[in-house]
Amino acid sequence: MNQTQINETKSKKWCKRLPLLAAFLIPLLISVIICIDHEVYPFGERCLLQVDMYHQYCPFFTEFVDKLRSGESLMYSWTIGLGADFVSLFAYYLASPLNWLLLLCPQNHVIEFMTLLVILKISFAGLFFGYYLKEHFEKNHIAVSIFATGYALCGFSAAYAWDIMWLDCMMLA
């Protein structure tokens, strides 16, 4: 195989991957632009956390990372109310595999991590839906990127971005 054939092969591989790459990157870029426009940290002093995300999820995430770093049991927590079963809380709110990335985050940046997580989950929803469209219709066309972006940025994502665990359902749907 000569250099020209190698370059053509690489070019074909990128062309095959381009719709799926765009299905991930376009929602990512639009989400970042929205954060810039609304002055969400690190582009301002605001955060995406609102409603339950601020009052429930953030404390749960903080408790989760504390337990992971200290090696405490994930069975029960004494810091939630008068004590609570942590297994059911974990199963309902924290069981997303992406939440384990929290270990890479400094403890005082949980809110920023959650903002990044929302953006990543929306972007992954675009990627996964794009992959579904590509495989289901056996087409590798730019329309895959367009419809995947529409799915990732649909009204459900906008309305329920504060309910971070449901974004996993968007990714997997």
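## Glu 72 and its partner

Glu 72 is partly exposed, because its relative accessibility is 45%. In this predicted model, the side chain of Glu 72 forms a salt bridge with that of Lys 67, with an N to O distance of 3.5 Å. The structure holds four salt bridges. General chemistry offers a background to such contacts: side chains of opposite charge can pair when their charged atoms come close.

## A network around Lys 67

Lys 67 also meets the side chain of Glu 63 in a salt bridge, where the N to O distance is 3.9 Å. Glu 63, Lys 67 and Glu 72 are thus linked in a network of salt bridges. Both Lys 67 and Glu 63 belong to helix H2, which covers residues 52–70. The two residues are four residues apart, about one turn of the helix.

How accessible is Lys 67, buried or exposed? Lys 67 counts as buried because its relative accessibility is 2%, the cut-off for a buried residue being under 20%. Glu 63 has a relative accessible area of 11%, so this residue is buried as well.

## A bridge between two helices

Lys 121 forms a salt bridge with Asp 168, and their closest N and O atoms are 2.8 Å apart. Lys 121 lies in helix H4 (residues 110–137) and Asp 168 in helix H7 (residues 166–172), so this pair ties together parts that are 47 residues apart in sequence.

Lys 121 is buried, because its relative accessible area is 1%. Asp 168, with a relative accessible area of 14%, is therefore buried too.

Terms used. Residues are numbered from 1 along each chain as its sequence is written. This is a predicted model: local features need pLDDT of at least 70, side-chain atom pairs count only at pLDDT 80 or more; totals for chains, interfaces and linings use all residues. Side-chain values use heavy atoms; hydrogens and water are left out. Buried means under 20% relative accessible area, exposed over 50%, partly exposed in between (1.4 Å probe, protein chains only).
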